[in-house]
Structures are given as structure tokens and as C-alpha cells.
Amino acid sequence: RVGAATRELLPGAINNALARLPIGKPMRWGARDIAFVRPVHWVVLMYGDTHVPGEILGMVTGLLTRGHRFHHPEPLRVTTSAGYVDLLRGARVLADPAERRASIRSQVEVEALRVGGIAHLPDALLDEVSNLTEWPQAIACSFERDFLRVPQEALMTTMVVNQRFIPVCDAQGRLTEHFIGIANIESRDRAEIRRGYERVIRPRFADARFFFEQDLKSPLMAHRDALSRMTFQQRLGSLWDKSLRVAELARTIAGRVGVDAARAAHAASLSRMDLATRMVGEFPELQGTMGGRYAAEQGEPDDVAQALGDFYAPRASGDPIARTRLGQVLGVADRADTLAAFFAIGQKPSGSKDPFSLRRGALGLARTLIEAELPLNLDGLLREAVEQITGGGFDARAVAESLREFIIERLRGYYTEQGIAQDRFNAVASVRPPTLLDFDRRLRALDAFARQPEAASLAAAHKRIGNLLRKAGEPIRDGVDPNLLEQGPESVLAAALALSIDATAARVAAHDYLGALTGLAPLQQPVDEFFDGVMVMSDDPALRANRLALLAQLRRAFLTIADIAELDLAS
């Protein structure tokens with residue numbers, strides 16, 4: 001195929017790339033049929049220092065750009081691509097996103113320090129603000145201290161979500177009466193911009209105060225009827241129906257992990273009541289948070305209030321799990337019910353579609369079980385959750401098994417991010433540890449063992465044993481007849497294995513999986529000598545059966561921890 005000059009290919013490549021951008025609501029402008037995230041008024045396209053003629057999003061490319069619409073609205077001629085950023089900086093536009101972010105962060109820190117606080121500037125907010133400005137200018141503002149009686153989460157949410165303002169907190173993380181706005185203009189009258197920002201935020205804060213005060217007039221349980229009229233999912237009943245299922249599941253789980261079962265059921269019954277409050281109706285991001293706050297204000301026990309505020313954790317990747325045992329129990333019960341319910345009605349994720357965030361829920365469930373060290377049998381938990389779903393028409397056992405596989409698959413990425421290879425993961429997954437806590441312990445032990453020099457040889461031998469047993473074509477008996485063991489490598493392996501099995505069983509019972517695997521490592525030499533000096537598939541049926549039984553016993557010793565045949569240690 002004949003190649004083409006880069007300059008000839010660029011316009012088409014750029015248009016193709018722009019067409020594939022995931023823009024939720026593209027807009028059209030003027031009489032044009034072309035749609036994009038925002039109107040396009042001009043396009044500069046250069047390759048090196050040479051102008052590339054063409055058409056991008058319906059606009060003919062040129063060499064003229066513009067600076068800030070107030071500070072430098074006149075056209076600018078781009079002569080070199082290398083000088084583009086400096087050219088625009090002189091026209092009050094920070095074209096480099098990294099430079100814009102750094103400028104905002106630096107200015108915000110200075111302004112926060114000036115008013116005696118610390119800026120609350122998460123990366124997501126910094127990204128958003130930096131993409132809304134060209135020449136950012138941070139301006140410290142304030143509001144009446146009386147508003148601080150409202151839960152700070154509500155005030156911070158309206159600042160960040162509705163206005164893209166940056167809250168200022170004290171050293172203990174408590175909201176102060178200060179915030180920072182990011183203007184897109186270097187004004188001669190900063191005080192006027194400050195007054196404008198302060199004027200904008202007061203009605204939002206007044207609304208939040210009103211919602212909070214009104215919500216406190218009714219106990220959480222008073223919202224039960226409202227919750228029973230809110231649909232969770234058409235085939236799965238109301239949000240109150242879901243709360244009842246979660247309460248029953250939480251009661252069961254609590255009894256297994258040393259949490260008061262009655263209190264767990266009570267917390268679960270309150271867990272979604274805040275969805276019917278005015279505050280959460282206005283600020284959906286505060287569900288859970290406000291439930292915990294209202295519970296505390298209305299005299300619920302501290303652990304119940306904390307659990308209500310915590311059980312949605314982790315809300316996003318990288319967030320910590322719930323802090324309290326009760327919150328962890330509630331979070332596990334709630335996620336297990338949601339997953340079981342949607343899998344039971346055939347609404348599991350497909351491809352990139354996951355409208356009910358089940359992948360995130362599955363990982364949150366798995367992380368809580370592992371990081372909170374909850375020794376809950378995964379199969380049992382999922383079966384109990386599925387069996388609570390009414391309506392029938394599905395095989396509960398099959399649904400629970402499908403759900404188990406779904407959760408295990410979510411863990412692949414979790415461990416990959418921690419540097420654990422897929423072959424280790426597969427080796428542990430194949431033996432189906434009963435709990436995810438046990439899964440985690442086995443996996444970390446196997447990852448450490450795989451770095452030992454004996455691991456590669458034992459993995460290869462284990463794989464060879466598996467192949468021999470599969471190809472034997474005859475039943476493998478359970479026991480080894482010591483009278484049929486020949487002196488030499490065969491009897492040496494049998495003796496070494498007998499010693500290792502007892503020691504391994506004790507270590508596995510104590511969850512000392514690295515110790516168990518290390519205890520099996522001395523078998524490397526006897527195994528290698530056995531394969532070098534013994535014909536397993538002997539013509540003598542009795543000898544052959546005994547040797548196969550010996551190898552099966554060796555295989556079972558390793559399978560009590562992981563299937564090390566899955567390890568890829570050849571390199």
C-alpha cells in the first residue's frame with residue numbers, strides 16, 4: 001500500500017478522533033449540521049511550523065487564533081507550533097492544562113492561607129475548575145457564620161457541585177466561613193467579584209438550612225410510608241421492600257461477626273429513610289451522609305448513626321471502606337441484596353453497560369469483606385441474598401454461582417493494581433477458597449512463595465502430575481500401599497510427603513499459607529528424583545496404581561492452598 005504525507009492525513013485523522021469522543025449532549029450552532037461539545041469559531045492546524053490546510057468540524061483551518069475575550073480579543077497569528085503556548089500566555093490565556101492546574105492550586109493555597117485555613121480542593125474539582133477558565137484568578141470570600149449550624153457536608157456539596165467554589169477548612173477538617181471562587185478575569189475591582197460570589201451562595205445556603213431544620217422535625221422512621229411508595233425496581237418492589245430484605249440479611253451477617261443482630265437490623269431498616277428527606281431530595285449526593293447526621297441529631301446510638309453515614313463506602317475507587325463493624329455489616333448486606341436482586345431478574349451488566357453500577361457494588365462488597373477481615377462464607381452469603389428475592393422464575397443456585405464468578409472477576413483488577421500477577425490469581429481462584437478473606441491470605445502467600453527458587457520446579461512438577469492423572473485412564477485410589485513402594489526415589493518421596501502433609505495441615509488450619517507452601521518446598525528434590533528414576537505408568541497394574549495414588553496425594557497436598565500448576569514461572 002502506498003503511503004501518504006502526514007499533512008494530508010492529519011485533517012481526516014483529527015475529524016475521526018473528534019467523532020469518537022464520548023460527548024453526552026453535543027450541541028449545534030448557527031445553521032450548521034455539525035455537532036460538538038461547544039461551538040467552534042476557528043481552528044489552527046500546524047505540523048511543525050507549517051500550516052496544514054483542511055477542514056475540522058466544518059471550519060477551514062488557518063493561522064489566526066485569539067486571546068482572552070476581554071483582556072486580548074484581537075486576532076493573533078501563530079507562526080510556530082513551539083511558540084503557541086507562550087503566544088497565548090501573553091494574551092492572558094493559559095493554554096497548557098498542567099500550567100493552568102498548577103496556577104489554580106498555587107493561588108488557592110495562598111488565598112486559603114491568607115484567611116487562616118486549608119483549601120478543600122480534590123483533584124476532580126481542580127480538573128473541573130481548570131477546564132472552565134483560561135486566565136484563572138482565585139478570590140477568597142466568606143459567608144455568615146450562622147450557616148455553619150447546617151451540616152458541613154450539605155454546605156460543601158452546594159459550594160462544589162452547584163457553584164464550583166472551593167471550601168476552606170480548619171486544621172481539623174471542619175468547614176470555616178470562608179470559600180474561594182475562581183474568576184476567569186483579572187479584574188480591577190476584585191471586591192465586586194467577591195460580593196457577587198457571596199451573593200450567589202447565600203440563597204443556596206438558606207435553602208440547605210431550611211431543609212435541615214424541616215427534616216429534623218420528623219424522625220427517620222416517619223418516612224417509612226414515603227419509602228414504600230418509592231420504587232426500587234419495578235420487579236423488585238419498593239425501597240422499603242429492599243430495606244426489609246437488607247435488614248434480614250444484616251441480622252444474619254451480624255450474628256456471624258460479633259455484631260448485635262437486633263441493632264444491625266434496626267440500622268438497616270433506617271438506612272434509606274433519608275432518601276425521603278428534603279435535603280437529599282435537593283442534594284442526592286448526600287444520601288447516607290444525611291441519614292447518619294439525622295440519626296445522631298435524633299438520639300440514635302452512636303454506632304447506628306455512624307453506620308448510616310458510612311455504609312455506602314467505598315463510594316468510588318480508592319475510597320476507604322466503612323469505618324465501623326456495624327457499617328461494614330450494613331454495607332455488605334446492602335450490596336449483596338442489590339447484586340442478588342438484579343442478577344435474579346437477569347439485569348447483570350453487559351459489555352460496557354452497567355446502569356445499576358453493579359461492578360462498583362461487587363468490588364465494594366469484595367473490598368469490605370477483605371479489608372474488614374470479615375470471615376463470611378461467600379457462597380453462603382450469596383445464596384441467602386438470592387433466596388430472599390421473591391417472584392420466582394429463576395434458579396437460585398445458578399444465580400448465586402453466576403454472581404460469585406462476577407465478584408471474583410472484579411477482584412482481578414483490584415489485585416493487578418497491587419502488582420499481583422494473573423497466574424497467581426488464577427491459581428488461588430481455581431481452589432475456590434470459602435471466604436474472600438481466605439482468598440486474600442492465600443493469594444498473598446502464593447505471591448511470596450512464587451519468588452522462591454523451588455517454586456518453578458514444583459509448579460512444573462505439579463503440572464506434570466496433573467497431566468499424568470488426567471491421562472491415566474483408570475480410577476485413582478485414595479491410599480498408598482507402603483508395601484508396594486520400591487526402595488529409592490519412590491520410598492523417599494513417600495516418606496517426605498508423609499512428613500509434609502501433617503505439617504501442612506496444621507499450618508493451613510492456622511491460615512499460615514506461606515508457612516504451608518514453604519513447608520512443601522523441600523519436596524522439590526524428592527519429586528525431581530522420583531520423575532528421573534521411576535516409571536509411573538508401569539506395566540505392573542499394582543505398581544502403577546500405587547504410584548498414581550502417591551502422585552494424587554502429592555497433588556492434594558498442594559491443592560489445599562492453591563493450584564500451583566497455574567503458575568507461569570518458566571522465565
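This report describes a four-stranded sheet, the two largest pockets and several helices of a predicted model.

## The four-stranded sheet

In this predicted model, four strands form an open sheet in the order E9-E11-E12-E10, and their pairing is antiparallel. Its edges are strand E9 (118-119) and strand E10 (137-142), each of which pairs on one side only. Helix H6, made of residues 190-215, packs on this sheet through contacts with E10 and E12, and its direction makes about 55° with that of E10.

Strand E11 (residues 166-169) is joined to strand E12 (residues 175-183) by three bridges, the two strands running antiparallel. Among the residues involved, Pro167 has Phe179 of E12 as its bridge partner, while Cys169 is partnered by Leu175, also in E12. Five residues lie between the strands in the hairpin of E11 and E12, where Gly173 takes a positive phi near 85°. Towards E9, strand E11 is held by two bridges, again in an antiparallel arrangement, and here Val168 of E11 is the bridge partner of Ala119. Strand E11 is covered on both faces, with Ile166 and Val168 buried on one side and Pro167 and Cys169 buried on the other.

## The largest pocket

The largest pocket has a volume of about 1,700 Å³. Its lining consists of 45 residues, and those that lie nearest its centre are Glu285, Gln287, Tyr312, Ala313 and Arg315. Two or more lining residues come from each of helix H5 (152-163), strand E13 (231-233), helix H11 (289-297), helix H12 (302-310), helix H13 (325-344) and helix H14 (358-371). Helix H5 gives the largest share, six residues. By class, the lining of this pocket comprises 22 nonpolar, 12 polar and 11 charged residues.

## The second largest pocket

The second largest pocket has a volume of about 1,300 Å³. It is lined by 30 residues, with Arg38, Pro39, Val40, Trp42 and Glu134 the closest to its centre. Helix H1 (6-19), strand E7 (64-66), helix H2 (84-90) and helix H3 (97-114) each contribute at least two residues to this lining. In this second pocket the lining divides into 19 nonpolar, six polar and five charged residues.

## Two helix residues in their surroundings

Ala264 is placed in helix H9 (residues 261-270). Because its relative accessibility is 1%, Ala264 counts as buried, the cut-off for that class being under 20%. Leaving aside residues up to four places away in sequence, Ala264 touches Ala250, Ala254, Leu326 and Val329. Between Ala264 and Ala333, which are 69 residues apart along the chain, the C-alpha atoms are separated by 9.9 Å.

Glu213 belongs to helix H6, the helix that packs on the sheet. With a relative accessible area of 39%, Glu213 is partly exposed, a class that lies between the limits of 20% and 50%. The C-alpha atoms of Glu213 and Arg278 are 9.8 Å apart in space, although these residues are 65 positions apart in sequence.

## Helix H17 and its cover

Helix H17, spanning residues 422-429, has Asp423, Arg424, Phe425, Ala427 and Val428 buried. The elements that cover the buried residues of H17 include helix H16 (396-416) and helix H18 (436-449).

Key: Residues numbered from 1 in each chain as written. Predicted model: local features only at pLDDT ≥ 70, side-chain atom pairs only at ≥ 80, totals over all residues. Heavy atoms only, no water. Buried < 20%, exposed > 50% of the residue type's maximum accessible area, 1.4 Å probe, protein only. Contact = heavy atoms within 4.5 Å. 1 Å grid on protein atoms, 1.4 Å probe; cavity = no way out; pocket = protein on both sides within 12 Å on 5 of 7 lines; lining within 4 Å. Points joined across faces, edges and corners; volume = space filled by probe spheres on them. Nonpolar A, V, L, I, M, F, W, Y, C, P; charged D, E, K, R; others polar. Pairing = 2+ DSSP bridges. Axes fitted to C-alpha atoms, helices over the stretch in contact; angles between N-to-C directions.
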